[in-house]
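Let's take a friendly walk through this model together, starting with its charged pairs and moving outward from there. Keep the 3D view open as you read.

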Amino acid sequence: MDAHNAIVTKVAERVRHFHAQQKPFRIYHGATNSTRYSHRNADNTINTSKLTHVLSVDKATKTAIVEPNVPLDALVAETLKHGFIPPVVMELPGITVGGGFSGTSGESSSFRYGAFDATMNWIEIVLPTGEVIRASKTERQDIFWGAASAFGTLGVVTLLEIQLIDAKQYVELDYIVCPSAKDTVHRIKEECAKPTNDFVDGIVYSMDSTVVMAGRLVDAVPKGQSARRFTRRKDPWFYIRAERVMKDIKKGQDKARIVTDYIPIVDYLFRYDRGGFWSAKYAFEYFITPFNRITRYLLDPFMHTRDMYRALHKSGLADIHILQDVGIPYEHVEDFYKWLDESFKIYPLWLCPLRLQREGGPAAAHGLHSEFARDNVPDLLNFGVWGAVPGTRREVMLKNRALEAKVQEFGGKKWLYAHAYYPTPEEFWAHYDRTSYDALRKQYGAEYMPSVYDKVKIDLDAEEALEKANTRAKVKAKLWKVWPVRGMYGVYCVIRKREYVLEKSKPAKKAEVKGEKPPAS
């Protein structure tokens with residue numbers, strides 16, 4: 001805690017400096033799993049990249065005290081030593097605890113435990129004035145729940161206490177094929193209602209082919225069975241395994257038949273890491289590379305999401321993709337299925353049932369998602385819509401806008417880790433509780449900081465104007481249109497980053513002159 005407190009003291013001093021000048025700042029975490037651009041620079045940045053430790057795991061209370069930049073694979077590795085896992089573990093190992101808390105994240109256990117933020121007991125946060133406080137579900141609930149979806153715009157979260165549950169060694173996972181949207185909705189509801197299920201999600205391969213997966217924590221693999229893994233280079237990507245199961249079931253002409261795998265717990269939790277669910281298949285298409293077992297094996301070092309996100313950011317290829325997660329009320333899921341098929345034909349799609357009801361009643365009704373504290377808030381089915389679409393960047397933007405409008409029409413929610421194309425603040429805030437959010441900004445002195453809308457909006461007109469006025473931006477824009485320049489640049493940045501990490505990890509050489517300090521790495 002001494003080392004932690006020293007870092008927080010420096011963060012608080014830096015925040016007070018910006019507050020005195022009323023100068024907006026950004027937070028540098030060291031890495032990101034967002035698909036949005038970073039606009040940080042040395043003059044407007046709070047650096048929290050050293051807050052990367054699990055400080056304690058308490059067996060008696062089943063809790064862990066964690067700094068915000070701890071990635072989920074490191075958190076799971078530490079809690080498993082004590083026989084626990086977090087109730088909600090997002091599927092990508094590089095997602096951090098702080099990012100999951102600030103970004104309304106969920107996963108296949110969220111039908112039972114809610115969003116990741118709901119599994120926190122308390123947070124330590126540096127307010128925009130530089131004051132360091134603790135907030136929880138019972139004290140200062142307004143800033144606790146406000147910060148839970150504010151993407152760092154209400155202060156800097158520096159510590160969190162997370163709930164834990166008992167772990168087991170394996171997940172017994174059933175694959176169930178559903179021939180229609182109606183059958184899928186029925187089956188997901190049915191599986192979520194079973195008290196024995198710990199995990200439920202699904203993959204849509206076409207309008208008439210969806211695989212629903214329901215899992216249970218178990219201690220051992222039955223005799224005669226063997227464990228199936230997904231994290232090693234030689235293992236299949238998870239979505240390909242699910243697709244093969246689906247085809248086998250269909251060949252048997254028995255749609256009710258269920259195939260079951262026994263998956264080591266870590267392999268299950270991060271089953272979508274290799275291939276980024278299935279997004280990496282678009283990289284194969286971009287580079288005109290055969291997509292088969294051999295090429296996936298050879299290129300596996302580049303197929304993990306940490307590297308994929310870096311390449312995505314550096315290449316700017318997100319500009320020609322739809323990369324969105326949206327939650328749709330169950331009553332509109334069938335219509336949304338049809339609309340997606342008619343509008344985009346992007347497959348596969350990810351399905352994840354979400355229970356977003358906050359405990360605490362009116363005391364929890366704060367921030368962007370204050371309505372989650374209402375008694376009648378509906379469960380949502382999350383659609384992960386990730387894929388390349390034809391057209392110019394402006395045409396792709398219009399397609400994203402159409403998706404945002406359809407989500408609004410169906411009373412759904414768009415999650416803000418991704419690009420947002422709402423043209424005006426008014427249209428953006430029609431989706432979220434601006435009154436509560438602005439009241440928190442005023443109460444805690446955050447009005448000088450960027451708002452959530454400022455952080456997530458994409459202003460294509462401004463970007464194009466910059467390209468016309470700036471020679472360097474103009475040259476880059478032209479160069480980026482030459483295939484495969486931007487893709488190769490993304491790969492180059494991944495290789496450079498990897499070399500940098502390897503160099504940093506080498507032990508410092510002993511100085512030849514006695515008493516001389518080794519050179520800084």
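In this predicted model, a good place to begin is the pair E172 and R216, whose side chains meet in a salt bridge with an N to O distance of 2.8 Å. E172 belongs to strand β10 (residues 170-178) and R216 to strand β12 (residues 209-218), so this contact ties together parts that are 44 residues apart in sequence. If you switch on a surface, you will find that E172 and R216 are both buried. Side chains of opposite charge can pair when their charged atoms come close. The structure holds 26 salt bridges, and a few others deserve a look.

Take D201 next. This residue forms a salt bridge with R271, and the closest N and O atoms are 3.1 Å apart. D201 sits in strand β11 (residues 199-206), while R271 sits in the loop between α8 (265-269) and α9 (281-286), so the pair links parts that are 70 residues apart in sequence. Are these two partners buried or exposed? D201 has a relative accessible area of 0%, so it is buried. R271 has 1% relative accessibility and therefore counts as buried as well.

Salt bridges that share partners also join R187, E190, E191 and K194 into one network. Within it, E190 pairs with R187, with 3.4 Å between the closest N and O atoms. Both E190 and R187 lie in helix α6 (residues 181-193), three residues apart, or about one turn of the helix. E190 has a relative accessible area of 33%, and because buried means under 20% and exposed over 50%, E190 is partly exposed.

Now turn to the surface. Which residues form a positive patch there? They are R244, K247, K251 and R293. Helix α7 (residues 238-251) supplies the largest share of this patch, with three residues. R244 has its place in helix α7, and its relative accessibility of 44% is why R244 counts as partly exposed.

A nonpolar surface patch is made up of I294, Y297, L298 and L299, which together have about 400 Å² of accessible area. To find L299, look in the loop between α10 (293-298) and α11 (305-315). Its relative accessible area is 31%, so L299 is partly exposed.

Another residue to visit is K497, in helix α19 (residues 485-505). With 32% relative accessibility, K497 counts as partly exposed. How far is K497 from H17 in sequence and in space? The two are 480 residues apart in sequence, and their C-alpha atoms are 32 Å apart in space.

Finally, zoom out to the whole chain. The protein chain contains 19 helices and 17 strands. Its C-alpha trace spans about 70 × 60 × 60 Å along the principal axes. What radius of gyration would a compact globule with 521 residues have? The value would be near 24 Å, and the protein chain has 23 Å, which agrees. Of the 521 residues in the protein chain, 53% count as buried. The pairs E172 with R216 and D201 with R271 offer examples of buried residues to revisit in your viewer.

Key:
Residues numbered from 1 in each chain as written. Predicted model: local features only at pLDDT ≥ 70, side-chain atom pairs only at ≥ 80, totals over all residues. Heavy atoms only, no water. Helix = DSSP H or I, 4+ residues; strand = E, 2+ residues; numbered from the N terminus. Buried < 20%, exposed > 50% of the residue type's maximum accessible area, 1.4 Å probe, protein only. Salt bridge = Lys/Arg side-chain N within 4 Å of Asp/Glu carboxyl O. Patch = residues over 30% accessible without salt bridge, like charges linked within 9 Å, V, L, I, M, F, W, Y side chains within 5 Å. Areas by Shrake-Rupley, 256 points an atom, 1.4 Å probe, with all protein chains shown as cover. Lys, Arg positive; Asp, Glu negative; His and termini not counted. Charge placed at Lys NZ, Arg CZ, Asp CG, Glu CD. Rg over C-alpha atoms; globule rule 2.2 N^0.38 Å.
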